[in-house]
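Me: Could you take a close look at one strand of this structure for me and describe how the rest is arranged around that strand?

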Amino acid sequence: MDKMNAYKEEMLNKKVWAVVGATPNEEKFGYKIWEILKKHNYETYGVNPKYDEIKGNKVYSSLKDIPVKPDVIDFVVPPKVTTTFFEEAKELGIEYLWFQPGTFDEDVIKKAEEMGFKILYHDCVLATLKGRE
């Protein structure tokens with residue numbers, strides 16, 4: 001099994017997730033991903049400074065504000081926003097980063113690897129979990 005597939009299985013076995021870019025807009029992937037993680041019994045926290053809540057669930061403005069340490073961060077934001085969370089993730093000791101399509105570029109991947117994160121990209125957690133229903 002290659003490294004990315006191994007990380008994918010490790011991530012899917014982790015139970016506490018943060019969705020950076022979570023949104024109450026049901027048309028957007030930030031909502032769909034947040035919802036499918038919850039549906040599959042993951043403890044899921046939305047991170048988006050623009051919103052206070054999604055369907056009665058508190059949304060946090062930063063990773064540090066989440067009351068528990070997430071095991072995995074799932075990114076649903078543009079590449080330039082994605083990298084702004086790396087230092088905070090490192091400080092909190094979060095190892096796993098899942099980059100949804102459109103959230104990364106070469107610089108994002110290079111920086112994440114240099115910082116020692118276990119990363120997954122060119123893969124979608126929504127498609128993965130839908131395939132397991």
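**A close look at strand E1**

Reply: Happy to! Keep in mind that this is a predicted model. Helix H1 (residues 3–12) lies across strand E1 (16–20), strand E5 (72–75), E6 and E7, and runs at about 100° to E7. Strand E1 belongs to an open sheet of seven strands with mixed pairing, in the order E3-E4-E2-E1-E5-E6-E7. The edges of this sheet are strand E3 (53–54) and strand E7 (118–120), each pairing on one side only.

Now to E1 itself. Five of the five residues of E1 are buried, so the strand is largely enclosed by the rest of the structure. Val16, Ala18 and Val20 point one way, whereas Trp17 and Val19 point the other way. This fits a general pattern: in a regular strand, side chains alternate between the two faces of the sheet.

E1 has a partner in strand E2 (residues 43–47), which runs parallel to E1 and is joined to E1 by five bridges. Here valine 19 stands opposite glycine 46 of E2. Between these two strands the chain passes through helix H2 (residues 29–39), making a right-handed β-α-β crossover.

E5 is also a partner of E1: four bridges join the two strands, again in parallel. In this pairing, tryptophan 17 stands opposite valine 72 of E5.

Further along the sheet, strand E6 (residues 96–99) pairs with E7 in the parallel sense over three bridges, and tryptophan 98 stands opposite leucine 120 in E7.

Note on methods: Residues are numbered from 1 along each chain as its sequence is written. This is a predicted model: local features need pLDDT of at least 70, side-chain atom pairs count only at pLDDT 80 or more; totals for chains, interfaces and linings use all residues. Side-chain values use heavy atoms; hydrogens and water are left out. Two strands pair if DSSP finds at least two bridges between them. Contact means heavy atoms within 4.5 Å. Axes are lines fitted to C-alpha atoms, for helices over the stretch in contact, and angles run from 0 to 180 degrees between N-to-C directions. Buried means under 20% relative accessible area, exposed over 50%, partly exposed in between (1.4 Å probe, protein chains only). A crossover is right-handed if, with the strands pointing away from the viewer, the path from the first strand over the helix to the second runs clockwise.
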